[in-house]
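Let's take a friendly walk through this structure together. Have the sequence and the viewer ready, and follow along from one part to the next.

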Amino acid sequence: MRRCSQLLTNLPMTREIALLYLDYPCSTSVAAEIQHLTDAAKEFLANKYKVLDKFPHELMDMPLIGIEAIFSSTDLQISSEDAVYTFLLEWVCEQFVETEDRHKIWSSRLLPLLRFNHMSWKKLQEVLTYDDDDVDNEQTKKRITDALLHKKLTPHTSKVHLQQTQQPVVKFHNGPT
């Protein structure tokens with residue numbers, strides 16, 4: 001199995017192949033043997049889609065396993081953490097029509113990918129006052145409240161806050177907190 005995994009890793013990677021590797025059902029004993037293959041698939045997706053604005057339509061069609069691989073990356077290049085929140089909200093609403101499924105995916109799989117402590121104050125306030133059935137508002141508001149409680153207003157964060165309200169700043173998403 002290890003030899004097959006090594007051979008597959010050396011083949012050219014495509015989006016479809018990477019998603020196939022990530023979604024491959026395997027037992028726990030086999031999982032260790034193909035870990036290198038799944039790591040390569042995650043790395044390929046993260047590198048291909050690291051600029052969030054470059055492939056918006058392809059990303060909207062991405063399955064959950066791909067979204068998790070991309071947004072867990074430390075190399076994601078974004079205009080702000082607000083953009084990650086907005087994209088994931090739009091994505092989950094498009095992918096999961098049933099409210100219960102959408103809430104479950106949002107709370108258990110997507111919320112951990114968001115770094116609320118890096119979002120702008122304006123966006124955090126907007127999300128806190130937003131009351132809709134798109135996502136599990138209770139879990140979202142709890143995470144934001146936790147982030148706000150831990151966010152200290154220092155001279156450095158005041159400067160960053162001013163920059164966020166005046167112009168977009170390129171940041172790097174460092175994956176889940």
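In this predicted model, the axes of helix α4 (residues 35-48) and helix α6 (residues 64-71) come within 8 Å and cross at roughly 75 degrees. Angles from 65 to 115 degrees count as roughly perpendicular, so α4 is roughly perpendicular to α6. On the α4 side, the contact is made by K42, L45 and A46, while α6 contributes G66, A69 and I70. Sorted by class, the contact of α4 with α6 has four nonpolar residues, one polar and one charged. If you wonder about this choice of numbers, two packed helices are described by the angle between their axes and the distance between the axes.

Now look at α4 by itself. How far apart should the ends of its 14 residues be? At 1.5 Å a residue, α4 should span 20 Å, and its end C-alpha atoms are indeed 20 Å apart, so the two values agree. The buried residues of this helix are L37, T38, A40, A41, L45 and A46. Among them are L45 and A46, which you have already met in the contact with α6.

Follow the chain out of α4 and you come to Y49, in the loop between α4 and α5 (56-60). Is Y49 buried or exposed? Its relative accessible area is 0%, and under 20% counts as buried, so Y49 is buried. Leaving aside neighbours within four places in sequence, Y49 is in contact with R15, F55, E58, L59, M62, I70 and L76. One of these partners, I70, also belongs to the α6 side of the helix contact. The C-alpha atoms of Y49 and D75 are separated by 9.7 Å, although the two residues are 26 apart along the chain.

The loop between α5 and α6 holds D61. With a relative accessible area of 52%, where over 50% counts as exposed, D61 is therefore exposed. Apart from neighbours within four places in sequence, D61 is in contact with R15, E94 and Q95. R15 is thus a partner of both D61 and Y49. D61 and E94 are 33 residues apart along the chain, and their C-alpha atoms are separated by 9.0 Å.

Finally, step back to the whole protein. There are 11 helices and two strands, running from the N terminus as α-α-α-α-α-α-β-α-α-α-α-α-β. Of the 177 residues, 37% count as buried. Among contacts with a separation of 6 or more, 73% come from residues 24 or more positions apart. The accessible surface comes to about 10600 Å², and 55% of that belongs to carbon and sulfur atoms.

Technical notes
Residues are numbered from 1 along each chain as its sequence is written. This is a predicted model: local features need pLDDT of at least 70, side-chain atom pairs count only at pLDDT 80 or more; totals for chains, interfaces and linings use all residues. Side-chain values use heavy atoms; hydrogens and water are left out. Helices (H or I, at least four residues) and strands (E, at least two) are DSSP runs, numbered from the N terminus. The expected span of a helix is 1.5 Å times one less than its number of residues. Buried means under 20% relative accessible area, exposed over 50%, partly exposed in between (1.4 Å probe, protein chains only). Axes are lines fitted to C-alpha atoms, for helices over the stretch in contact, and angles run from 0 to 180 degrees between N-to-C directions. Angles under 35 degrees count as roughly parallel, over 145 as roughly antiparallel, 65 to 115 as roughly perpendicular and the rest as oblique. Contact means heavy atoms within 4.5 Å. Ala, Val, Leu, Ile, Met, Phe, Trp, Tyr, Cys and Pro count as nonpolar, Asp, Glu, Lys and Arg as charged, and the others, Gly among them, as polar. Accessible areas come from the Shrake-Rupley method with a 1.4 Å probe; for residues, only the protein chains shown count as cover.
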